[in-house]
Amino acid sequence: MTDAGGNWSATYAYRASRLHEPGSVEELQELVRRAPGRIRALGSRHSFNGVADTDGDLVSMRALPRRLEIDADARVVTVDGGARYGDLCEELDAAGFALHNLASLPHISVAGACATGTHGSGERNGNLATAVAALDLVDADGEIRRIGRGENDDLLPAAAVSLGSLGIVTAIQLRIEPTFDVRQDVFEDLPLDAFRRHFDEIEALGDSVSFFTEWRGEAINQVWLKRRVTAERPGETIGDLFGARPADGERHPIRALSPEACTPQLGVPGPWHARLPHFRMEFTPSSGDEIQSEFFVGREDAVPAFEALDRLRDTIAPLIHVSEIRAIAADELWLSPAHGRPSIAFHFTWQRQPEAVAALLPEIERALEPFMPRPHWGKVFTMEPSRFAAAYPRLADFRRAAEALDPEARFRNAFVHRYVFETAG
């Protein structure tokens with residue numbers, strides 16, 4: 001038992017009374033049974049708000065025995081509740097399989113990333129949680145409950161993205177597919193007019209496309225284009241992307257930083273797990289000294305929402321490291337920000353100026369209000385809880401599932417209570 005500490009970038013201090021690191025599932029079950037109050041799982045500490053916090057006990061899963069079981073016939077892989085994506089990808093690839101999507105960071109935990117339903121990109125790719133076929137969790141009585149693959153299947157749309165409020169995940173099963181290679185090309189200085197006029201065409205070029213901007217000048221700083229390739233289809237080399245030029249070397253999304261931490265670019269094909277993330281597993285990701293926000297709008301509102309934000313560029317630019325704009329396919333997971341609609345995410349990596357960022361966020365949210373924005377569950381926002389009922393049409397169904405699985409609200413916390421259980425509607 002140790003002090004809970006803070007998040008990955010040291011911008012949020014956990015308020016939990018105690019942090020536990022059980023060495024076995026049985027020890028975890030006993031912890032849940034004996035906990036005097038609320039108890040929650042802590043992932044890889046990559047949240048920037050209180051979504052993973054509690055006023056009771058936190059449980060880190062990193063000391064659990066590692067588990068990686070591939071069922072080639074069923075096309076699923078099972079990993080333990082503390083596994084990170086970077087821990088499983090190489091072994092999965094060596095067995096001839098792949099995940100359909102990855103986040104920009106391989107450092108995040110599998111269970112934690114799926115719980116917020118937000119990572120992974122591509123207009124034809126669902127977020128990481130859409131790969132969840134089943135999961136095992138410790139329920140409020142300390143018992144193991146299976147959800148998915150023929151058991152409690154009706155609860156899977158709630159459990160796959162649960163904000164940690166249904167129980168503590170001990171194992172998670174993901175759908176897999178045959179392995180594939182990806183090439184990654186970076187283009188610089190896409191004219192804003194070309195971005196507005198050709199957004200759909202550029203998105204259609206890749207399996208995953210990221211636009212990076214600092215909200216300055218008359219161009220999108222970088223476009224990262226990730227495309228699946230095979231021996232028969234090596235991928236066409238693009239010399240000019242609607243006025244953007246191919247980068248003459250490798251790049252970091254934050255132009256002032258070294259690209260050493262980034263995955264290989266320049267159109268050189270490589271394994272899916274070495275190209276789909278922006279960052280390498282062996283390096284500390286991004287800048288570290290930062291705050292993050294992200295908002296999801298409907299795919300059809302990509303350019304109008306950009307225009308609304310661009311009108312705030314003079315206030316955004318002095319506070320930003322970089323923004324990323326990316327697409328995500330629609331899904332049917334009840335608390336997923338892409339639930340029921342193909343989506344575009346506007347991500348903000350802020351400088352560590354919490355008071356200034358907090359003052360600006362309401363302006364950003366007002367600018368996006370016509371597009372019914374859904375904030376990233378694990379990042380900083382100021383939206384009122386009353387707006388969540390309209391944004392998430394299955395919110396009431398999720399509440400009923402949570403109340404049935406955890407009637408005493410042992411896995412709930414102040415964040416979940418405020419944004420899921422206190423919402424109007």
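**Close-up views of a predicted model**

**View 1. Surroundings of Arg 412.** Arg 412 is placed in the loop that lies between helix H10 (395-405) and helix H11 (414-421). The model shown here and in the following views is predicted. Arg 412 has a relative accessible area of 11% and is therefore buried, since the cut-off for a buried residue is under 20%. Arg 412 lies over the face of Phe 421, with 3.6 Å to the ring centre. When residues up to four places away in sequence are not counted, Arg 412 touches Arg 38, Arg 40, Glu 403, Asp 406, His 417 and Phe 421. Ala 231 serves as a distant reference point: its C-alpha atom is separated by 50 Å from that of Arg 412, and the two residues are 181 residues apart along the chain.

**View 2. Ser 165 and its contacts.** Ser 165 belongs to the loop between helix H4 (156-159) and strand S9 (168-175). Its relative accessibility is 3%, so Ser 165 counts as buried. At a distance of 2.6 Å, the side chain of Ser 165 reaches the backbone oxygen of Ser 162. Beyond its neighbours within four places in sequence, Ser 165 is in contact with Arg 40, Phe 398, Asp 406, Phe 411 and Val 416. Two of these residues, Arg 40 and Asp 406, are also touched by Arg 412 of the preceding view.

**View 3. His 20 in strand S1.** Strand S1 (residues 18-20) contains His 20. With a relative accessibility of 12%, His 20 counts as buried. The side chains of His 20 and Asp 57 are joined by a polar contact of 2.5 Å.

**View 4. Aromatic pairs.** A pair of aromatic rings is described by two quantities, the distance of the centres and the angle of the planes. The structure holds 19 aromatic pairs. In the pair of Phe 348 and Trp 350, the ring centres are 5.1 Å apart and the planes stand at 5 degrees, so the pair is stacked; the cut-off for stacking is an angle under 30 degrees. Phe 348 counts as buried at 0% relative accessibility, and Trp 350 counts as buried at 0% as well. Phe 388 and Tyr 392 also form a stacked aromatic pair, with 6.3 Å from centre to centre and 10 degrees between the planes. Phe 388, at 1% relative accessibility, counts as buried, and Tyr 392 is buried with a relative accessible area of 1%. Through ring pairs, Phe 195, Phe 199, Phe 211, Trp 215, Phe 306, Phe 348 and Trp 350 are linked into a cluster.

**View 5. Arg 228 over the ring of Phe 180.** The charged end of Arg 228 sits over the ring of Phe 180. The distance from this charged end to the ring centre is 3.5 Å.

**View 6. Nonpolar cores.** In soluble globular proteins, nonpolar side chains tend to be buried together. The largest nonpolar core of this model has 113 residues. Tyr 85, Leu 99, Phe 211, Trp 272, Phe 348, Trp 350 and Ile 364 are the residues with the most contacts inside this core. Apart from the largest core lies another core, of eleven residues, including Ile 39, Met 61, Ala 140 and Ile 168. Returning to Phe 348, and not counting residues up to four places away in sequence, the residues it touches are Trp 215, Ile 291, Gln 292, Ser 293, Phe 295, Leu 309, Ile 316, Ile 320, Val 322, Ser 323 and Ile 364.

**View 7. Strand S16 and its partners.** Strand S16 (residues 290-298) is mostly covered, and nine of its nine residues are buried. S16 and strand S18 (residues 343-351) run antiparallel and are joined by nine bridges. Within this pairing, Phe 295 stands opposite Phe 346 in S18. S16 also pairs with strand S19 (residues 374-375), in the antiparallel sense and over two bridges. Here Arg 374 in S19 is the bridge partner of Phe 296.

**View 8. Ala 274, ahead of strand S16.** The loop between strand S15 (270-271) and S16 holds Ala 274. Ala 274 is in contact with Thr 263 and Pro 264, its neighbours within four places in sequence being left aside. Ala 274 and Cys 89 are 185 residues apart in sequence, whereas their C-alpha atoms are 9.0 Å apart in space.

Conventions: Residues numbered from 1 in each chain as written. Predicted model: local features only at pLDDT ≥ 70, side-chain atom pairs only at ≥ 80, totals over all residues. Heavy atoms only, no water. Helix = DSSP H or I, 4+ residues; strand = E, 2+ residues; numbered from the N terminus. Buried < 20%, exposed > 50% of the residue type's maximum accessible area, 1.4 Å probe, protein only. Polar contact = N/O pair within 3.5 Å; in protein donor to acceptor, adjacent residues only side chain to side chain. Phe/Tyr/Trp six-rings, centres within 6.5 Å; stacked < 30°, edge-to-face > 60°. Lys NZ or Arg CZ within 6 Å of the ring centre and 35° of its normal. Core = buried A, V, L, I, M, F, W, Y, C linked by side-chain atoms within 4.5 Å. Contact = heavy atoms within 4.5 Å. Pairing = 2+ DSSP bridges.
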